[in-house]
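Let's take a walk through this structure together, one stop at a time. Have the sequence and the 3D view open as you read.

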Amino acid sequence: MYTKSYTLSLHAMSKVRVRFAPSPTGGLHLGGVRTVLYNYLFAKQHSEGKFIVRVEDTDQSRFVVGAEEYIFECLQWCGIRADESVLAGGEYAPYRQSERKNIYKEYAEKLIENNQAYYAFDTTQEIEEMRERRKAEGSGSLQYDAGIRLKMNNSLRLLPEETKALLDAGTPYVIRIKVNPNETVAFTDLIRGDIEFETTNVDDKVLLKADGMPTYHLAVVVDDYLMKISHAFRGEEWLPSAPVHILLWQYLFGINNMPKWAHLPLILKPEGNGKLSKRDGDRLGFPVYAMDWKDPTTGEITKGFKELGFLPEAFLNMLAMLGWNPGNEQEIFSIEELIQSFDINRVHKAGAKFDFEKAKWFNHEWIKKLPVQHYSSIVKQIFAEKKLEITDDIYFEKVLELVKERCTLLTDFYEQAVYFFIAPKHIDVDSIKPKWTDLKKEFFEKYITKLQADSTFTTVTVESIFKELATEMAIKPGDLQLPMRIMLVGGKYGPGVFEIAATIGLQQTVQRIEKALSLL
RNA sequence: GCCGCGUUGGUCAAGGGGUUAAGACGCUUCCCUUUCACGGAAGAGUCACGGGUUCGAUUCCCGUACGUGGUACCA
């Protein structure tokens, strides 16, 4: 077991600090992005000091190469830009936990000097045996705490010279916090209000591990102090360990210097129970990562919101509303509007189930709302991936404008717009055939001739010629519009037929009608 | 097991002693459009349960249930 943690300094702006871990296999989870987002909004509002994002993970072998860069990319895609890279240093460098190892050790030893922590030499096996024994006794608590510590192998029970001998012999040890029982630890959470814990229920957590690395508990307190953190936002899963951190602040730096805490509600699975995980996304067919994540060890790719066709504006908007609301009916927010309206006090206490349908709705709204120029280059790339190269940007954007309200994801543009660039491969003639007549055939033949005689070829003329001819031949224009649509686009969808005809031009219109006529 | 946090329609949620209990997503129906979508109108659907406190509880208090998190030399 080995632990390594990373801290990335992201933004030289606020004293608010967010800490989060990527998924155990890498990837930036929805919950992580939301934590960063709330932090960012809050920081922007207060704009004081530094904005630091701390990324941590255990087990070095699993902590993946490239995860730091990946996280930067995700945040940049979201529009949360890094002012300094992880390697650039900054006021409070270094940030990687492995590079701060000595700092933590110093504080751990200071705690021992003050009799607020102690050396423990128990092996994993001994601790397990202790738990088994207590379980057998029917004890409600299985903790390593005041009730049991004097029966264990630690510097509290051992004589000073015994401890020294063990230390000198190089016996592996950990440093544990000494929690005094029968006291109350209280603090105020920005979201939950006053919270109290009985110290009797808090165990003597390991602060410094046998390999000399700190646990999260020590690191978070020491770093927050040293980096002058004023507010700490983190997931609700941290709430149970908050008393350890409060105690550490009391012991080390004084409770008055402690940052303000905000424990954010969890994002839960849409169905069933539990925290949303990567597996749920795979199983239910939606992403849980901001961007595609490729596991460097297995090569497995996990789909991200970006690649699925989400706009960063929509992604952030959706995430912001999952656990927070402004108290009025507004739901669509730009990042600037979020900075204006966000209020940590209005964050919900309860966990929220993730709803992919609603997420898509946000994307749909943003596609409609934004000018196509805003995302045309992304769509262009999507087209390129499907082997459709765009050469005329003006035409391209005109087409996007025409179909944008039919697209929920950016990837939908392809299906909704291909026929503006290439004649449909498959024409749904089966929908025309049942009501097809020679008279209709004659109509289209005459229509082509008339179109070719017209020099303007605008939506208006294409339509008026169509209707005049229909009236002349005593056919209801409505009976002809659907066939015409299918001839031009291949199926029953798309914007107005005459608009499509005018857009693709005379030559294409004629060609497609002729092609379809030959199939009927 | 023990400890913490939570609970308003299927989902996100407003409201916080007296309300016809907002709104959004999704669903259904209709209108618009002789396509699809957009847009518009309507509809179904809710205060977890049991006790208090109160003239009156969805709202306050206590229990219970349920959910969720923690209970690691993971974060």
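Where does Phe457 lie? Phe457 sits in the loop that runs between helix 16 (438-453) and helix 17. Keep in mind that this is a predicted model, so every value here is computed from it. Phi of Phe457 is near 50°, a positive value in a residue that is not glycine. Is Phe457 buried or partly exposed? Its surroundings hold 17 C-beta neighbours inside 10 Å, so Phe457 counts as partly exposed.

Now step back and take in the whole chain. Chain A has 19 helices and 14 strands. Of the 520 residues in chain A, 36% are buried. Contacts also reach along the chain: among those between residues at least 6 apart in sequence, 75% join residues at least 24 apart.

Next, look at the nonpolar interior. The largest nonpolar core has 81 residues, and the members that touch the most others are Val33, Leu37, Cys74, Phe315 and Leu319. Helix 1 (residues 30-46) gives the most to this core, namely 9 residues. Take Phe315 as a place to zoom in: leaving aside neighbours within four places in sequence, Phe315 is in contact with Cys78, Phe305 and Phe310. Apart from this core lies another, of 27 residues, which includes Tyr107, Tyr118, Tyr173 and Ala219.

Two of those names, Tyr107 and Ala219, come up again where two helices pack. Helix 3 (residues 101-113) and helix 6 (residues 216-226) have axes 10 Å apart and pack at an angle of about 100°. That angle makes helix 3 roughly perpendicular to helix 6. On the helix 3 side, Ile103, Tyr104, Tyr107 and Ala108 take part, and they meet Leu218, Ala219 and Val222 in helix 6. What kinds of residues make up the contact of helix 3 with helix 6? They divide into 7 nonpolar, no polar and no charged.

Follow the chain on from helix 6 and you come to Lys228, in the loop between helix 6 and strand 9 (231-235). Lys228 has a positive phi of about 55°, although Lys228 is not a glycine. With 14 other C-beta atoms within 10 Å, Lys228 is partly exposed.

Another loop holds Leu276, between strand 11 (267-268) and helix 8 (278-284). Is Leu276 buried or exposed? There are 22 C-beta neighbours inside 10 Å, so Leu276 counts as buried. Not counting residues up to four places away in sequence, Leu276 touches Leu30, Ile267, Leu268, Lys269, Val288 and Phe354. Leu276 and Ala352 are 76 residues apart in sequence, and their C-alpha atoms are 10.0 Å apart in space.

For a helix in another kind of setting, turn to helix 4 (residues 124-137). At 1.5 Å a residue, its 14 residues should span 20 Å, and this agrees with its end C-alpha atoms, which are 20 Å apart. How many of the 14 residues of helix 4 are buried? The number is 0, so helix 4 lies largely in the open. Just after helix 4 comes Gly138, with a positive phi of about 80°.

Strand 7 (residues 193-198) is the place to find Phe197. Phe197 is partly exposed, given 19 other C-beta atoms within 10 Å. Beyond neighbours within four places in sequence, Phe197 is in contact with Val185, Val202 and Pro243. Phe197 and Thr449 are 252 residues apart in sequence, and 86 Å separates them in space, C-alpha to C-alpha.

Let's finish with the later helices. Helix 17 (residues 459-472) contains Lys467, which counts as partly exposed because 14 C-beta neighbours lie inside 10 Å. The C-alpha atoms of Lys467 and Ala417 are separated by 26 Å, with these positions 50 residues apart along the chain. Then helix 18 (residues 477-489) and helix 19 (residues 497-519) cross at roughly 80°, their axes coming within 8 Å. That makes helix 18 roughly perpendicular to helix 19. The meeting residues in helix 18 include Met484, Leu488 and Val489, while those in helix 19 include Val497, Ile500 and Ile513. In all, the residues of this contact divide into 9 nonpolar, 2 polar and 2 charged.

Definitions and conventions: Residues numbered from 1 in each chain as written. Chains lettered and ligands numbered in written order. Predicted model: local features only at pLDDT ≥ 70, side-chain atom pairs only at ≥ 80, totals over all residues. Axes fitted to C-alpha atoms, helices over the stretch in contact; angles between N-to-C directions. Helix = DSSP H or I, 4+ residues; strand = E, 2+ residues; numbered from the N terminus. Parallel < 35°, antiparallel > 145°, perpendicular 65-115°, else oblique. Contact = placed C-beta atoms within 7 Å. Nonpolar A, V, L, I, M, F, W, Y, C, P; charged D, E, K, R; others polar. Core = buried A, V, L, I, M, F, W, Y, C linked by C-beta atoms within 7 Å. Buried ≥ 20, exposed ≤ 12 C-beta atoms within 10 Å, placed from the backbone. Expected span 1.5 Å × (residues − 1).
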